[in-house]
Number of protein chains: 2
Amino acid sequence: MTIAAPAAPAPSLDILGIGNAIVDVLARADDGFLAARDLPKGGMRLIGPEDAETLYAEMAPGIESSGGSGANTCAVAAMFGAKVGFLGKVADDQLGKVFAHDIRAVGVTFPTAPLAAATAPTARCLILVTPDGQRTMNTFLGACVHFSAGDLDAALIEAAAVTYLEGYLFDPPAAQAAFYEASRIAHHAGRQVAITLSDPFCVQRHRQAFRKFVREEADILFANEAEICALYETDRFEEAAALVRQDVALAALTRSEHGSVVVTETEMHPVAARPARVQDTTGAGDAYAAGFLAALTRGKPLPECGKWGSVAAAAVISEFGARPLDALKAAVASVG
Amino acid sequence: MTIAAPAAPAPSLDILGIGNAIVDVLARADDGFLAARDLPKGGMRLIGPEDAETLYAEMAPGIESSGGSGANTCAVAAMFGAKVGFLGKVADDQLGKVFAHDIRAVGVTFPTAPLAAATAPTARCLILVTPDGQRTMNTFLGACVHFSAGDLDAALIEAAAVTYLEGYLFDPPAAQAAFYEASRIAHHAGRQVAITLSDPFCVQRHRQAFRKFVREEADILFANEAEICALYETDRFEEAAALVRQDVALAALTRSEHGSVVVTETEMHPVAARPARVQDTTGAGDAYAAGFLAALTRGKPLPECGKWGSVAAAAVISEFGARPLDALKAAVASVG
């Protein structure tokens, strides 16, 4: 936990996200398709270009739409009225143009220079949506592995009330250094740093690095139950929730249909989930963080931040895809 | 009208489509967005690469999915159980791979060699869907203009009971010659040739060429009310329907919510539209032709062919996009 410097000028951005810049390919699949390929349902795994080709060839027809966990959060937060920027690496190719268009079209500032397409293509995530609405993600990181501290835009970080870091960026090698540098810039400017743990397997891959970053750099933590338990190597959510209060000033812990818990050192606010008919859980956690941060940077009290998170998540899981515009518009109207 | 030779061997394909190979970019837009840019609602216009860039930059976030009128028909017909092939020109780029994947993933044979990406990119259609569910299409043809008689696969044409030609291919210059050559190959093998007029503006651009092809080459014609009236330069549907019976052996004429009329020289079958809550009319005509041809090549009587067309069209307009898999699966089950 880091205490913000007191004399910072008013931020001109609410949220600056840093994450993997990914185009999603969503397709329906049945449980047998996952079983035949040993794909653990509900998780995210990293795949290389050959596996991406093979799996794509076997998948049903898809729908392409811009994704990326942190980028989804930024897009949804912008729809909730926040002023938002995003940093992430696409290639100078067709999918990179799709990604850039979509995030800019919702009003998010996106300045990162694209990578030469010959070096690596824009990342894609092959998402298999089973009849129960769960999504199983297979990510080919492509250009994302080239994101480095050189891609940080210091002026945007200094301008943002909260710099929001996507935990998945602990996978590409150069990005952890960029996170520390981003945190240094943000705190020096009197701003806050938020991070999401992204995925329990990602936490397992980088547990010590996550613990260090959460303890030493993060002001705000987002995690779901599996992720926070993975971070603290426990099966008991209550134990993990108690531990996180010692490490970070503010944490929002989501528990699917059981809602979320917002904790600080001295406060604990349970937040109810919003009812929704689950179509596709892709982007639920991203949307929760978006609603939460949009409310927080608008000065709302913590229970209200949790409510905005729940409303955004319910809208996203009730439709196919991580940024369903119509459902999100209705959600925004409902929190007024 | 051409009489099929009697002694042809049984076809191993039901339908071979030839059309523009296009990836759709669907986005919501309001009427003011169309009005400010003088875009006639419900139509298709051709745009160059610069206009495509400009319009895309101004559009809302999109969803990419494989499209193309004839390709949509092929994909939907395959879902209705027909054995289908498709010929159309993509580039060797990311959107070309998306197009090829999606049409192959529903079981359609797609052998056309891609164009070098440096020559022209894969075609895209920027589709603006207004709140009333109508779609306004802006097509950058890209690689499609390079489709020529050299891309015809004679063995597939000879193998198909019906070669189905997309009228939009009257726009790219080399494709008309390819249509005549495809018709020659098909008839020589004792097969039938179907054509769809695609779009009233396309008919206006190429009226004499369409009339000649319909009269001299086509065995089956698909058209909606505006298209058949444009072909015969009349405001009266009944007059157009009477004229078409002199030119072609079988015509299926669609009239939106008023259903369709299936006519031959001696028969006339009115077909009711299926009730649907209209979300997005993209692909309605394509789906009608798919259902119709899937039934026809299975030997169903003409009223049944029209019914399959109506069922397929209703499924497509009740969802966003031209190939909504879940809705189409339900439609297929309903005609069982």
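**Figure 1. Helix 10 of chain A against three strands of the sheet.** In this predicted model, helix 10 of chain A, which spans residues 237-247, lies across strand 10, strand 11 and strand 12 (260-264) of chain A. With respect to strand 12 of chain A, helix 10 runs at about 35 degrees. Beneath this view, strand 10 (residues 220-224) and strand 11 (residues 250-254) of chain A run parallel and are joined by five bridges. One pairing that can be followed residue by residue is that of A:Asn224, whose bridge partner in strand 11 of chain A is A:Thr254.

**Figure 2. The eight-stranded sheet of chain A.** The strands of this view belong to an open sheet of eight strands in chain A, which follow one another in the order 5-1-8-9-10-11-12-13 and whose pairing is mixed. As a general point, strands of a sheet pair through backbone hydrogen bonds, either parallel or antiparallel. The edges of the sheet are strand 5 (84-87) and strand 13 (268-271) of chain A, each of which pairs on one side only. When direction is ignored, neighbouring strands of this sheet are turned by 15 degrees against each other on average.

**Figure 3. Helix 11 and helix 12 of chain A packed together.** Two packed helices are described by the angle between their axes and the distance between the axes. For helix 11 (residues 284-296) and helix 12 (residues 302-317) of chain A, the axes come within 7 Å and cross at roughly 145 degrees, and the crossing is right-handed. Among the residues that meet here are A:Ala287, A:Tyr288, A:Phe292 and A:Leu296 on the side of helix 11, and A:Glu304, A:Trp308, A:Val311 and A:Ile317 on the side of helix 12. Taken by class, the residues of this contact divide into 17 nonpolar, four polar and one charged.

**Figure 4. The sheet of chain B, with strand 1, strand 5 and helix 12.** In chain B, an open sheet of eight strands has the order 5-1-8-9-10-11-12-13, with mixed pairing. Its edge strands are strand 5 (84-87) and strand 13 (268-271) of chain B, each pairing on one side only, and the twist from one strand to the next averages 15 degrees. Strand 1 (residues 13-18) of chain B pairs with strand 5 of chain B in the parallel sense over four bridges, and within the view B:Leu16 stands opposite B:Gly85 in strand 5 of chain B. Helix 12 (residues 302-317) of chain B lies across strand 11 (250-254), strand 12 (260-264) and strand 13 of chain B, and runs at about 30 degrees to strand 13 of chain B.

**Figure 5. The contact between chain A and chain B.** Each chain is represented in this view, the contact taking 20 residues from chain A and 20 residues from chain B. Strand 4 (63-67) and helix 4 (94-105) of chain A each supply at least two residues of the side of chain A that touches chain B, and helix 4 gives the most, with six residues. That side of chain A has 10 nonpolar, five polar and five charged residues.

**Figure 6. The rotation axis that relates the two chains.** A turn of 180 degrees, with a shift of 0.0 Å along the axis, lays chain A on chain B with an RMSD of 0.0 Å, which is the relation of a two-fold axis. Of the residues of chain A, A:Glu64 comes closest to the rotation axis, its C-alpha lying at 2.4 Å. The same surface serves both copies, since 100% of the contact residues of chain A recur in chain B. As for the confidence of the prediction, the model scores ipTM 0.90 and pTM 0.93, while chain A averages a pLDDT of 95, with 98% of the residues scoring at least 70.

Methods. Residues numbered from 1 in each chain as written. Chains lettered and ligands numbered in written order. Predicted model: local features only at pLDDT ≥ 70, side-chain atom pairs only at ≥ 80, totals over all residues. Contact = placed C-beta atoms within 7 Å. Nonpolar A, V, L, I, M, F, W, Y, C, P; charged D, E, K, R; others polar. pLDDT = per-residue confidence, 0-100. Least-squares fit on C-alpha atoms with pLDDT ≥ 70 in both. Axes fitted to C-alpha atoms, helices over the stretch in contact; angles between N-to-C directions. Left-handed = near helix turned anticlockwise from the far one by under 90°. Pairing = 2+ DSSP bridges.
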